[in-house]
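The report below looks at charged side-chain pairs and at nonpolar packing in one protein chain.

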Amino acid sequence: MRGDVKLYANGWNHEHDDVVNWAKAAARPLADGYRALKAYPFAYELPDGTFRHVSARMLDDGRFRQAIERVKALRAEVGPDIELMLDLSGGLCDDQLLRFLDVCRDLDITWIEEPLDPFNLTGLSRVAARSGIPIALGERVYGRGGFRNVLDTGAVSIVMPDIANCGGMLEAVQIAGMAETYNVRVSPHNCASSLCTAASLSLCVAIPNAMNLEVYPYFAELEHLRPGA
């Protein structure tokens, strides 16, 4: 279907917590040629080097304000021509989530990934109607049946099957074909090995509705964030 696949960089600012350096870290992937970046505005690194996502379905007031300032600073840092995707990891309850999405509406965000758990089908429809920002999800969804349930909500604009988790290459191709009938694009979730990257790339070149491919260009530097490392 195509000879080129657009990439987006993930894992480029995990070591930074403060707003300014979290945003300025974008200079490295931009200098390396990436024109699309994904980040985790709610996540932060603990003193022992482990990476913490939202727990107890909420952020304290300081962390919540920091998340808002992070995305504002990031957009200001990269300018209007760089695609920004935000992964929320399904962590927040609606009171904070909706306030955060209201801020993002004016920042030209390409997608919000997992604003809610992918199994909260009613909630996804509610959030999609409220925010107006495209929703992406799929790394925790298995097989065509699981993706059909998500697609039937009409809330999701991008599905993200993980070839290592969704049922394999053939299942991913079939998920992509089903997504096309819902007018939905595909961006494979890919945070594993170079083998998984090659398989995900093969999927992207074989389907008509591929959007982009996730890569971790500095993966080797993130070993301390992996469980058991």
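Aspartate 102 counts as partly exposed in this predicted model, because its relative accessibility of 27% lies between the limits of 20% for buried and 50% for exposed residues. Its salt-bridge partner is arginine 105, with the closest N and O atoms 3.2 Å apart, and arginine 105, at 39% relative accessibility, is likewise assigned to the partly exposed class.

Aspartate 117 and arginine 140 also form a salt bridge, and this pair links distant parts of the chain, 23 residues apart, since aspartate 117 lies in the loop between β6 (111-113) and α5 (121-131), while arginine 140 lies in the loop between β7 (135-137) and α6 (143-151). Arginine 140 has a relative accessibility of 35% and is therefore partly exposed.

| Acidic residue | Basic residue | Closest N to O distance |
|---|---|---|
| Aspartate 102 | Arginine 105 | 3.2 Å |
| Aspartate 117 | Arginine 140 | 3.1 Å |
| Aspartate 152 | Arginine 148 | 3.7 Å |

In the pair formed by aspartate 152 and arginine 148, the aspartate is partly exposed at 47% relative accessibility, and the arginine is partly exposed at 48%. Salt bridges with shared partners also join Lys38, Asp87, Glu113 and Glu214 into one network, and the count of salt bridges comes to 15.

Turning to the nonpolar packing, the largest core has 62 residues, and those with the most contacts inside it are Trp12, Leu37, Leu74 and Phe100; helix α3 (residues 61-78) supplies the largest share of this core, 6 residues. Beyond its neighbours within four places in sequence, tryptophan 12 is in contact with residues including Trp22, Pro29, Leu37, Lys38, Leu74 and Tyr218. A second, separate core of 8 residues includes Trp111, Ala136, Met160 and Met211.

How values were computed:
Residues numbered from 1 in each chain as written. Predicted model: local features only at pLDDT ≥ 70, side-chain atom pairs only at ≥ 80, totals over all residues. Heavy atoms only, no water. Core = buried A, V, L, I, M, F, W, Y, C linked by side-chain atoms within 4.5 Å. Buried < 20%, exposed > 50% of the residue type's maximum accessible area, 1.4 Å probe, protein only. Helix = DSSP H or I, 4+ residues; strand = E, 2+ residues; numbered from the N terminus. Contact = heavy atoms within 4.5 Å. Salt bridge = Lys/Arg side-chain N within 4 Å of Asp/Glu carboxyl O.
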